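Reader: I'm new to reading protein structures. Could you walk me through this one?

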Amino acid sequence: MSGAGPTSFSPSFGGPRPIFSKVKEPMGTPAKASRSTTLLFTSPLATGRTTTVDNIRGTSEDEEEVKDDDDTVFTYTLQDAPIAAGRLRDWQDRKRTLKFRLPPLYNNGIAWIDGKKLDGGDQVPIVPEEMKIFPTEIPDSAFSDEYTKFVIDSHELYRALSDADQIGEPMDPSENILPKYATTFLQILDAARRRIFDERLSEAYVVCHCLFASYFADPGITRAEAIMDWLNQYDPRPTTEETRDIMTTPVPYDEPGFWELVQKLALRGLFFQCSNCLKEAGIPYIDPESNRALQTATSILETAPKGAKAFEGHRQWRARAIAFGEKCAKLSDVKLRRGLIALANILRGDSDTILALSESWQEATASLFLFHDPAPSRLSEYYQMAVAEFPVDLTVISEAGCAAVIAGDIPKALSVAERLDVCVAAHIADFCDRQRMLDEFYNVDTLELPPFRDWLFMAHAINCCANPGTWLVGAAYLKDTEGIEGLSIIRESITHVYLDTEATLTELLDLCKELQFDSEARQIVMAWSKLQLSRNQVGSAIEWLDYIGNSLEIRAITWQLLESHLLKGLTLPDAILQRYLLSPHLCPAMIREFIAPYATYFAFKIHLNEGDIVEAAQYLASLIQFAFLPDRFFGALLGELLPLLDRSQPRALPTSELIAIMNSLYQWEKDSRKYTEGIQFLAKSLSVTREAADMAEDDWRVEYANVSAKEVIKLVRSKLVTEVSRAYLEGV
């Protein structure tokens, strides 16, 4: 790949394209290539299938060629590819073209070899070995299984929150449920990033954690504590190794970095760890005043106000730290005096000391917020003080996002989060919207733009709709957006969803009913019926066609069943169809009406196999005389009479039925078109018997397989006449 830069999304999951971002980002090399490759696609689903492409070639013959001069070339591989690795020159010399098409919804498609030259020259003949379809897929656009789980888990939480909360209603702070749900979402995101190991998802977690700490802190802690907790997870300092290196020495107090360790622990609000360091430092006894100062220091650290009442007790605790610092100035030991004064200055929130000892704007902001004055209104002030000393590194996306959060620029924070992961950004926007944090940034009545929340959810939903496992999730988000755009996307894509199970079908039809998508519902049922027919689940297909009232398709399926059995012999129907055939009273009215011809033939075969030829003959006779019987079946059904007209067995049909059948035969032979169709189908039926290796022995065609179709009809006529004579002689 040429011009590779920072990846827009990783091999582990397909991150969405930004909708806020304007800069076109280059993409990294995709996941590990397959064996035998050509630089075009990746096809993890390819299995070496040999489907021909006679009816596919030419679909893009007249499409305009698009040349991309951008050096950022996307490189994909095609499994079982026609161009072997390292053999591109040979391929070019053979003047073939590898073409492809992608479907309108998903990212998997097909590729095939075409003889049309790119330069517009003569067509190159394609040999049969090259007439294959190669399944293709763009892997970086598809959700991985782990990312799909994250999307589904996030949506389940979103639904639970929507059921428990009503957007727009005033919220009593004591009844605010958002912090609880925000914490749960953060846990879902944290689990996903640990499973997926994706840098961008981890960065999105950092931004999300920062925003939730700043605006959706647990009521049991202050916002300052929440932000400090975020910092300690995002950038833990001091590290375990740094602490161990000093505190495991014989006398930690004598180590050059001891006071730096104490100060860092204090800056990070790690009060008990800081207190323990002072207690275990091995500080020698100097004088009573110094000893009391150490005891006061540990007492102040261990009584730092925390939790819901921390804000109320902060002023008194800070005053105690100020008084402690003043007493430390009188200590005789220089080393101890300097160390404790620096500690006291941190605890009382001295901005100069905190800025001097901090290593980043995040650390300085969090420490000032925790120690100086934890009033939420002052957070942006501390941020400005910190960034004046430590500028924000905008090349780190997550840092830019957190800076926007702390500065109170929520739209910018959402923009950054959207560049990292649109699913995360959409849910952050949803929480902000429920908290009414976005109202001041736009006026929905005057701007021709959707709200931030809807904009991001629509982008996320489109990505969900492009992945089979999350289409319903995407549709649910689209329903919740304002305007008609979301419904338009659902309408366009719902008929393209792969119907893997009947449960999926039912969910789609329920959605169509809710949204009044009647035409789309019919298309979906038609697609499912065809799929069921391909699986030989005829009963299910007919049931669903009855659901949409498609009588034409049911009638067509009925005649196809009869044709199949006349050609290939009777096979046991699926459970649903068998139930209808054996218990007609269980059939819906329309199904009962249209499967009657096939049910009659089925009953004929069942009684014939059971040896009840009289009952079997009645069913066959009624089918032969059916007024709407397709002409092509008449000859084959006449052939079915031969076993019933055997003189060695009792007569199966009364004289009236025999005469009626002879009259139908006479009328059929008079119409040359009907006669030709019937003879052709009968001939086809006999040829199937000759070619079949496993034809049932009791099939009438086994005996007459080498007899022509016309001779079979003559034989039937002769036997009918004989049976009429027999009836006359027997006086019946």
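Reader: Let's begin with one helix. Which helices are included in what covers the buried residues of α22?

Author: Sure, and keep in mind that this is a predicted model. In α22, the buried residues are E520, A521, I524, V525, M526, W528, S529 and Q532. What covers them includes α20, α21, α23 and α24 (551-568).

Reader: How far apart are the end C-alpha atoms of α22, and what should its residues span?

Author: Let's work from the length of the helix. There are 17 residues in α22, and at 1.5 Å a residue they should span 24 Å. That agrees with the model, where the end C-alpha atoms of α22 are 25 Å apart.

Reader: What about α21? Where do its buried residues sit around the axis?

Author: Helix α21 covers residues 502-515 and reaches 20 Å from its first C-alpha to its last, close to the 20 Å expected. Its buried residues are T504, L505, L508, L509, L511, C512 and L515. An α-helix has 3.6 residues a turn, so residues three or four places apart point the same way. The buried residues cover an arc of only 155° around the axis, so they are on the same side of α21.

Reader: Which residues are exposed on the other side of α21?

Author: Here the cut-off helps: exposed means over 50% relative accessible area, while buried means under 20%. C512, for instance, is at 1% relative accessibility, so C512 is buried. Turn to the other side of α21 and the exposed residues there are K513 and E514.

Reader: And which helices are included in what covers the buried side of α21?

Author: Remember that α21 was itself part of what covers the buried residues of α22. It works the other way round too, as α22 (518-534) is part of the cover for the buried residues of α21. Also included there are α19 (471-479), α20 (485-493) and α23 (538-547).

Reader: What phi does Q516 take, just after α21?

Author: Most residues other than glycine have a negative phi, and most peptide bonds are trans. Q516 sits in the loop between α21 and α22, and with a relative accessible area of 65% it is exposed. Although Q516 is not a glycine, its phi is positive, at about 60°.

Reader: Which residue just after α22 takes a positive phi?

Author: Look in the loop between α22 and α23. The residue there is at 57% relative accessibility, so it counts as exposed. Its phi is near 65°, and it is a residue other than glycine. Its name is N536.

Reader: Is the peptide bond from R237 to P238 cis or trans?

Author: P238 is placed in the loop between α5 (223-234) and α6 (240-247). The omega of the bond from R237 to P238 is near -10°, and that bond is cis.

Reader: How many disulfides are there?

Author: A disulfide is a covalent bond between the sulfur atoms of two cysteines. Take C423, which is buried because its relative accessibility is 0%. The nearest cysteine sulfur to it, that of C464, is 6.6 Å away, and the cut-off for a disulfide is 2.5 Å, so C423 is in none. For the model, the count comes to zero disulfides.

Reader: Is F452 buried or exposed?

Author: F452 lies in helix α18, made of residues 452-465. Its C-alpha atom is 9.7 Å from that of C432, 20 residues apart along the chain. At 13% relative accessibility, F452 counts as buried.

Reader: Now the inside. Which residues touch the most other members of the largest nonpolar core?

Author: In soluble globular proteins, nonpolar side chains tend to be buried together. The largest nonpolar core here has 152 residues, and helix α4 (residues 199-215) gives the most to it, with 10. L343, one of the residues you're after, touches V262, A266, C274, L278, A297 and L301, leaving out residues up to four places away in sequence. The residues that touch the most other members are F150, L340 and L343.

Reader: How many residues are in the other core that lies apart from it?

Author: That other core includes I613, L620, L645 and W668. Its size comes to 40 residues.

Reader: Last one: what share of the residues in the whole chain is buried?

Author: The chain's secondary structure comes to 32 helices and three strands. Its accessible surface is about 36,100 Å², with 52% of that belonging to carbon and sulfur atoms. Of the 732 residues in the chain, the buried share is 48%.

Notes:
Residues are numbered from 1 along each chain as its sequence is written. This is a predicted model: local features need pLDDT of at least 70, side-chain atom pairs count only at pLDDT 80 or more; totals for chains, interfaces and linings use all residues. Side-chain values use heavy atoms; hydrogens and water are left out. A nonpolar core is a set of buried Ala, Val, Leu, Ile, Met, Phe, Trp, Tyr and Cys residues joined through side-chain atoms within 4.5 Å. Buried means under 20% relative accessible area, exposed over 50%, partly exposed in between (1.4 Å probe, protein chains only). Helices (H or I, at least four residues) and strands (E, at least two) are DSSP runs, numbered from the N terminus. Contact means heavy atoms within 4.5 Å. Accessible areas come from the Shrake-Rupley method with a 1.4 Å probe; for residues, only the protein chains shown count as cover. The expected span of a helix is 1.5 Å times one less than its number of residues. The arc is that of the directions from the helix axis to the C-beta atoms.
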